[in-house]
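Hi everyone, thanks for coming. I'd like to walk you through one model today, a few residues at a time. Have a look at it first, and then we'll start with a question.

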Amino acid sequence: EILVVHPDGRKYTAKAFGDGGSDDDIAETWDIKEFNGLPAAGTWTLEVRDNWAQDTGSIESFELTIK
């Protein structure tokens, strides 16, 4: 499960729990229109949850581009 969290606390679900199967890598781009018109300043957060007990993993990098 991947969530992008706006500085005001609003969350966007980029990848829902159960959507992805056994993918080893996630290399995707999301156009998050839900945040259009909101201020971009502040601390953005990426929340990632691996809900499968047998898995392990790490985040090697991510990028947020605001246009």
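Here is the warm-up: is phenylalanine 62 buried or exposed? Please keep in mind that this is a predicted model. Phenylalanine 62 is exposed, because its relative accessible area is 54%, and the cut-off for that class is over 50%. You'll find this phenylalanine in the segment after strand 3. Phe62 also belongs to a nonpolar patch on the surface, together with Val48, Ile59, Leu64 and Ile66. Taken together, the patch has about 490 Å² of accessible area.

Now let's turn to the strands. Strand 1, residues 2-5, pairs with strand 2 in the antiparallel sense, over 4 bridges. If you want a landmark in that pairing, valine 4 stands opposite tyrosine 12 in strand 2. The two strands make a hairpin with 5 residues between them. In the turn, look for glycine 9, which has a positive phi of about 100°.

Staying between strand 1 and strand 2, we come to histidine 6, which sits in that loop. How accessible is histidine 6? Its relative accessibility is 4%, so histidine 6 counts as buried, the limit being under 20%. The side chain of histidine 6 reaches the backbone oxygen of proline 39 at 2.8 Å. Leaving out residues up to four places away in sequence, histidine 6 touches Phe35, Leu38, Pro39, Thr43 and Trp44. So proline 39 turns up twice here, because it is among the residues touched by histidine 6 and its backbone oxygen is within 3.5 Å of that side chain, the cut-off for a polar contact.

Next, tryptophan 30. This one lies in the loop between strand 2 (11-15) and strand 3 (45-48). Tryptophan 30 counts as partly exposed because its relative accessibility is 29%. What does tryptophan 30 touch, once residues up to four places away in sequence are set aside? The answer is Ile2, Tyr12 and Ala14. You may remember Tyr12 as the residue opposite valine 4. Alanine 14 offers something further: its backbone oxygen lies 3.2 Å from a polar atom of the tryptophan 30 side chain. And how far is tryptophan 30 from tryptophan 44? They are 14 residues apart in sequence and 15 Å apart in space, C-alpha to C-alpha.

Last topic: charges. As a reminder, side chains of opposite charge can pair when their charged atoms come close. The count here comes to 6 salt bridges. One of them joins the side chains of aspartate 8 and arginine 10, at 2.7 Å from N to O. Aspartate 8 is partly exposed because its relative accessibility is 42%, and arginine 10 is likewise partly exposed, at 46%. Another salt bridge links aspartate 31 with lysine 33, the closest N and O atoms being 3.0 Å apart; both of these residues are exposed.

Which residues are linked in a network of salt bridges? Those are Glu1, Lys11, Glu47 and Arg49. Within that group, glutamate 47 and arginine 49 form a salt bridge with their closest N and O atoms 3.0 Å apart. Arginine 49 is partly exposed, as its relative accessible area is 35%.

That's my tour. Thanks for listening, and I'm happy to take questions!

How values were computed. Residues numbered from 1 in each chain as written. Predicted model: local features only at pLDDT ≥ 70, side-chain atom pairs only at ≥ 80, totals over all residues. Heavy atoms only, no water. Buried < 20%, exposed > 50% of the residue type's maximum accessible area, 1.4 Å probe, protein only. Contact = heavy atoms within 4.5 Å. Polar contact = N/O pair within 3.5 Å; in protein donor to acceptor, adjacent residues only side chain to side chain. Patch = residues over 30% accessible without salt bridge, like charges linked within 9 Å, V, L, I, M, F, W, Y side chains within 5 Å. Areas by Shrake-Rupley, 256 points an atom, 1.4 Å probe, with all protein chains shown as cover. Salt bridge = Lys/Arg side-chain N within 4 Å of Asp/Glu carboxyl O. Pairing = 2+ DSSP bridges.
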